[in-house]
Amino acid sequence: EKAMKTRMEIIRKDMASYEALISEPEEKVLYPQFLQTMQKYLSENKKIMEMSRANQKDEARLQFKGESNKLFRQAVEQLVGLVKINENGTERSNGDADHTFNEARNWILGLLIAIVVIAFALAVWVARIVSVPLNKAVDIAQRVSGGDLSADIHAESKDETGQLMHSLKAMNDSLLRIVGEVRTGTDTIATASTEIASGNL
């Protein structure tokens, strides 16, 4: 009796721990049935103990082999059912976890690929933004060095390349002005030379 009492205390603690973890719909149906069976079993057990105390050993033995044993087997079957439900739930949870992991991995890989593509596109775009004005600046500088000051230079931005184009325009305009002044000076010199020549004649 003392050993049974100790065991029942352990079982009640385990049941209290288990009740807080019930989540599956099947568990919520089967567990109350198990509790009812356990209650009936404990009630039968109490009757057997009373018979035993009253020295009704044969009646106690018959009761133990009959209804008590039947209820005990029923409780065990219900417990096996609860274990099976939890095992199935564990398998489903593992499957869901694997599925979630694979989905997350695929999303991460997809995002990484998208980021690489976007980064490459941005790099090409930035390179074009920088290289196109620089190529124009190089072309203008080559034309100026070849003596062609007729280039139409426009600074389309305010960044470094725009400032470079603005400086090239200022340089080109300055060279045009200097050339103009030189031509004017040359014309003046030519006129003076003609007048001097005429005076000499």
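Helices here are DSSP runs of at least four residues, numbered from the N terminus. With that convention, valine 126 of this predicted model has its place in helix α3. Valine 126 is partly exposed, its relative accessible area being 43%, and the residue takes part in a nonpolar surface patch. The patch covers about 690 Å² and is made by Ile118, Leu122, Trp125, Val126, Ile129, Val130, Leu134 and Leu164. Helix α3, which spans residues 57–145, gives the most to this patch, with seven residues.

A buried position is found in helix α2, which runs over residues 25–53 and holds methionine 38. Methionine 38 has a relative accessible area of 12%; because buried means under 20%, methionine 38 falls in that class. Leaving aside residues up to four places away in sequence, methionine 38 touches Met8 and Ala75. Along the chain, 17 residues separate methionine 38 from asparagine 55, and the C-alpha atoms of the two are 25 Å apart.

Turning to charged pairs, the structure holds four salt bridges. One of them joins the side chains of arginine 53 and glutamate 1, at 2.2 Å from N to O. Arginine 53 lies in helix α2 and glutamate 1 in the segment before α1 (2–19), so this pair ties together parts that are 52 residues apart in sequence. Arginine 53 and glutamate 1 are both exposed.

Helix α2 also contains a salt bridge partner pair in glutamate 44 and lysine 47, with the closest N and O atoms 3.4 Å apart. Glutamate 44 and lysine 47 are three residues apart, about one turn of the helix. Their accessibility classes can be given in turn: glutamate 44 is buried, with a relative accessible area of 9%, whereas lysine 47 is partly exposed at 38%.

In helix α3, a further salt bridge brings together the side chains of aspartate 58 and arginine 61, with an N to O distance of 3.2 Å. Because aspartate 58 and arginine 61 are three residues apart in helix α3, about one helical turn separates them. Aspartate 58 counts as exposed at 53% relative accessibility, since the cut-off for that class is over 50%. Arginine 61, with a relative accessible area of 44%, is partly exposed.

Key
Residues numbered from 1 in each chain as written. Predicted model: local features only at pLDDT ≥ 70, side-chain atom pairs only at ≥ 80, totals over all residues. Heavy atoms only, no water. Patch = residues over 30% accessible without salt bridge, like charges linked within 9 Å, V, L, I, M, F, W, Y side chains within 5 Å. Areas by Shrake-Rupley, 256 points an atom, 1.4 Å probe, with all protein chains shown as cover. Helix = DSSP H or I, 4+ residues; strand = E, 2+ residues; numbered from the N terminus. Buried < 20%, exposed > 50% of the residue type's maximum accessible area, 1.4 Å probe, protein only. Contact = heavy atoms within 4.5 Å.
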